[in-house]
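This briefing concerns the disulfides and one sheet of a protein chain. Please keep the sequence and the model at hand while reading.

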Amino acid sequence: MTEYLFKVRVPPELTVVPERKPQVVVGQNFTLRCNASGDPRPNITWTKMASQRTNLMFLRKDLGSYRCTASNGYGSNATSVSIVSMQCNNNDCEDKKVGLTIVSEEWKQAYSNKASLEFKTMESRVLAAIWDTYTNNLEKQLYLVTVDTFRSGSVVATLEMKFGKSVNEPLTPLKEAIRDGKLGSFTVNPELDMNPTTLPPTISPESFSDLVVS
């Protein structure tokens, strides 16, 4: 009888994903937690924008998108994105609502459901691209940006944005970014809709790595 010994390898899988849209307070510690399983034990890295990030002192410039990636050389990498924004009460912030038309994307019915994976994935891509435009425009004091709804017409995102009340022309960086019809990896309408129509959303029935913001 001949016996064969097989070594089974297991691709990485995220077991705990970082909080998707945390709102932090300047001067306080904050931890994004990302756990993964797999064999061999996955290596976990954090990426902010185009830079590798580990521990950092939380400042306004550190707002934006953070990607947790688990890899072990087998199968596909496992990833999750967290969009970090700043807490802001109504007395300190000015609200802006605008519409952004993404012409390079095709409409999916799942985009009308905030609980769907498709909505969450598209929202993360849109928010990351918007935060990129404000990275070098800290004086515009972007505190928070969320997608209120997606609707058809290619894909139209209704954005809720909060800025410091003392800021003049807070939407200028976003307007300038889309002037050539591009926003990150998207092709977009080069003009924002300043009076967007909002439709009600549809309601749907171990390795360890922490990113500590202090």
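Which residue in strand 10 does Gly-99 stand opposite? Gly-99 stands opposite Thr-158. The model is a predicted one, in which local features need pLDDT of at least 70 and side-chain atom pairs count only at pLDDT 80 or more, while totals for chains, interfaces and linings use all residues. Residues are numbered from 1 along each chain as its sequence is written, and side-chain values use heavy atoms, with hydrogens and water left out.

**Sheet and helix**

- Strands 8, 10 and 9 form, in that order, an open sheet with antiparallel pairing; helices (H or I, at least four residues) and strands (E, at least two) are DSSP runs numbered from the N terminus.
- The edges are strand 8 (93–102) and strand 9 (142–152), each of which pairs on one side only; two strands pair if DSSP finds at least two bridges between them.
- Neighbouring strands of this sheet are turned by 20° against each other on average, direction ignored.
- Between strand 8 and strand 10 (residues 155–164), the antiparallel pairing extends over 10 bridges.
- Helix 1 (residues 117–134) lies across strand 8, strand 9 and strand 10, and runs at about 140° to strand 9. Here, contact means heavy atoms within 4.5 Å; axes are lines fitted to C-alpha atoms, for helices over the stretch in contact, and angles run from 0 to 180 degrees between N-to-C directions.

**Disulfide of Cys-34 and Cys-68**

- A search of the whole structure finds two disulfides, a disulfide being a pair of cysteine sulfur atoms within 2.5 Å.
- One of them joins Cys-34 to Cys-68, with an S to S distance of 1.8 Å.
- This pair links distant parts of the chain, 34 residues apart: Cys-34 belongs to strand 3 (residues 30–39) and Cys-68 to strand 6 (residues 64–71).
- The link of Cys-34 and Cys-68 is left-handed, with -75° about the S-S bond.
- Cys-34 counts as buried because its relative accessibility is 0%, where buried means under 20% relative accessible area, exposed over 50%, and partly exposed in between (1.4 Å probe, protein chains only).
- Cys-68 is likewise buried, at 0% relative accessibility.

**Disulfide of Cys-88 and Cys-93**

- The sulfur atoms of Cys-88 and Cys-93 are 1.3 Å apart and form a disulfide.
- The torsion about the S-S bond of Cys-88 and Cys-93 is about 120°, and the disulfide is therefore right-handed.
- Cys-88 counts as buried at 18% relative accessibility, and Cys-93 is buried with a relative accessible area of 5%.
- With the bonded cysteines of the chain numbered in sequence order, the pairing reads 1-2, 3-4.
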